[in-house]
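This report looks at enclosed space inside a protein model and at the elements around that space, and then turns to the packing of one helix.

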Amino acid sequence: MARDTTDQTPLSSVQDLTDYIAAGSKPRERFRIGTEHEKFAFFRADNSPVPYFGDASISALLTGLQKKSGWEPIIDGGNIIGLAEQNGMGAISIEPGGQFELSGAPLETIHQTCKESNQHLATLREIAEPMGIRFLGIGGSPKWTYAATPQMPKSRYEIMTRYMPKVGTKGLDMMYRTCTIQVNLDFSSEADMRKKMRVSMKLQSLATALFASSPFTEGKPNGLLSWRGDIWRDVDNRRAGLLDFTFRDDFGFRDYAEWALDVPMYFIVRDGHYHDCTHVTFRQFMNGALKGEVADPAPTMGDWTNHLSTLFPDVRLKRFLEMRGADGGPWRRICALPAFWVGLLYDDAALEAADVLTRDWSFAEISALRNAVPAEGLKAEFRGHTLFDMAREVIGISRAGLKARGKLNGEGQDESIFLAPLEEVLAKKATLAEDLLSLYHGRWHGSVEPVFEDYQY
């Protein structure tokens, strides 16, 4: 999310909060695909991280992109922290450690998503190359310590940085040393949202395994395939992870709103200033907890929208569903991640097949799988079989869903080609993380430095 909102619409009830989320429902013909990806900026001379300030810096990259694209700059405390497309459809933002993020526009096909990310990366290279800056596409910072990682001057991150060590052991690593690919998808009704949430929540660990690409920390193997996946096991368990109530047959928009109400807030924005609100939940805020602390203590729709963006379950519900389980990765995976989920969730037959496959999976089983996947990847076992077996079946369902979409969208629109990186994983029986480890122990001679050359965009 590039910009925190300031919608001043007053809130008076939990129903207002529920109605806001429910308003995301839209007819199938208006379903879109919004893809986000993050990457690490580094100096090619010595593979060091890029600071915010300076002639060759994150701020210089954003300024250069703003001049070239004409997108509106997003300013926080006098510093440029992102860009917004004029029509509000796309955005560029920076993560806490300088990770560069494209939040793509809502598009109709994976073909358009691939074109969008390719154009973004080409433009970014044009700005970055004269500065000696390039970008790495994997899920975890392979070399830099937390202390060596720069911190971006963004108000919400300052609040989060102070708060994270109070609620978990790995929140700062999540913020400063990981990258992800995500896709945002639509729903047509509460029942459609329920089914998509249930299926995608249960299959998120499979996505983590398929996209695992963070086996290094501070220059050495960390004993994991998805360090990023392991980090999310202890970031802030009140606002992150699996949500057991989403597995219920009667789960709905109100249930998510009620859960979100009892999660501590990060901040509210008043007159451009961020007020630390980590000591109250949104429900307490609704009940007047900030009276006497801030000048305008009444909650607004902007406060609710911002609060929803600070919740981190494996699948996040806003006015759409966000798939949050995958590590970052090379360009082809920026196309593969949305293809995987679109194939499963945007075709009725595929969604039903995925729902039938996962329907009797219990919360305890999914939780155990989520704990096993960071270290074991696709070798993790589930009901007497490895995830390789599950992956073959699920990718088959996704492929069928994409092919069905292609027939609806017209000849030449088959999106199943974008599953190729995942099919290669199955064919080799090795994730990208395992490929990286093989290179480390082989051609790279025990060094992570070559990853910056071999896996840059």
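In this predicted model, the lining of the largest cavity draws at least two residues from each of five elements, namely helix H6 (190–210), helix H7 (227–231), strand S14 (312–313), strand S16 (321–327) and helix H13 (363–376). Of the 14 residues that line this cavity, Thr 208, Trp 232, Asp 314, Gly 325 and Arg 370 are the closest to its centre. By class, the lining of the largest cavity divides into five nonpolar, five polar and four charged residues.

A search of the whole structure finds two cavities of 30 Å³ or more, and the table sets out their volumes and the classes of their lining residues.

| Cavity | Volume | Lining residues by class |
|---|---|---|
| Largest | about 150 Å³ | five nonpolar, five polar, four charged |
| Second largest | about 30 Å³ | seven nonpolar, three polar, no charged |

The second largest cavity is lined by Phe 40, Ala 41, Pro 49, Val 50, Ile 58, Gly 97, Gly 98, Gln 99, Trp 144 and Pro 150, and no charged residue is found in this lining.

Helix H6, which contributes to the lining of the largest cavity, also takes part in the packing around helix H8, as does strand S14. The buried residues of helix H8 (residues 253–261) are Phe 253, Tyr 256, Ala 257, Trp 259, Ala 260 and Leu 261. Besides H6 and S14, the elements against which these buried residues pack are helix H1 (14–22), helix H9 (282–286), helix H10 (301–308) and strand S15 (315–317). As background to the spacing of such positions, residues three or four places apart in an α-helix point the same way, because the helix has 3.6 residues a turn.

Conventions. Residues are numbered from 1 along each chain as its sequence is written. This is a predicted model: local features need pLDDT of at least 70, side-chain atom pairs count only at pLDDT 80 or more; totals for chains, interfaces and linings use all residues. Side-chain values use heavy atoms; hydrogens and water are left out. On a 1 Å grid over the protein atoms alone, a cavity is a set of points where a 1.4 Å probe fits but cannot get out, and a pocket is an open set with protein on both sides within 12 Å along at least five of seven lines; lining residues have an atom within 4 Å of a point. Grid points are joined across faces, edges and corners, and a volume is the space filled by probe spheres set on the points. Helices (H or I, at least four residues) and strands (E, at least two) are DSSP runs, numbered from the N terminus. Ala, Val, Leu, Ile, Met, Phe, Trp, Tyr, Cys and Pro count as nonpolar, Asp, Glu, Lys and Arg as charged, and the others, Gly among them, as polar. Buried means under 20% relative accessible area, exposed over 50%, partly exposed in between (1.4 Å probe, protein chains only). Contact means heavy atoms within 4.5 Å.
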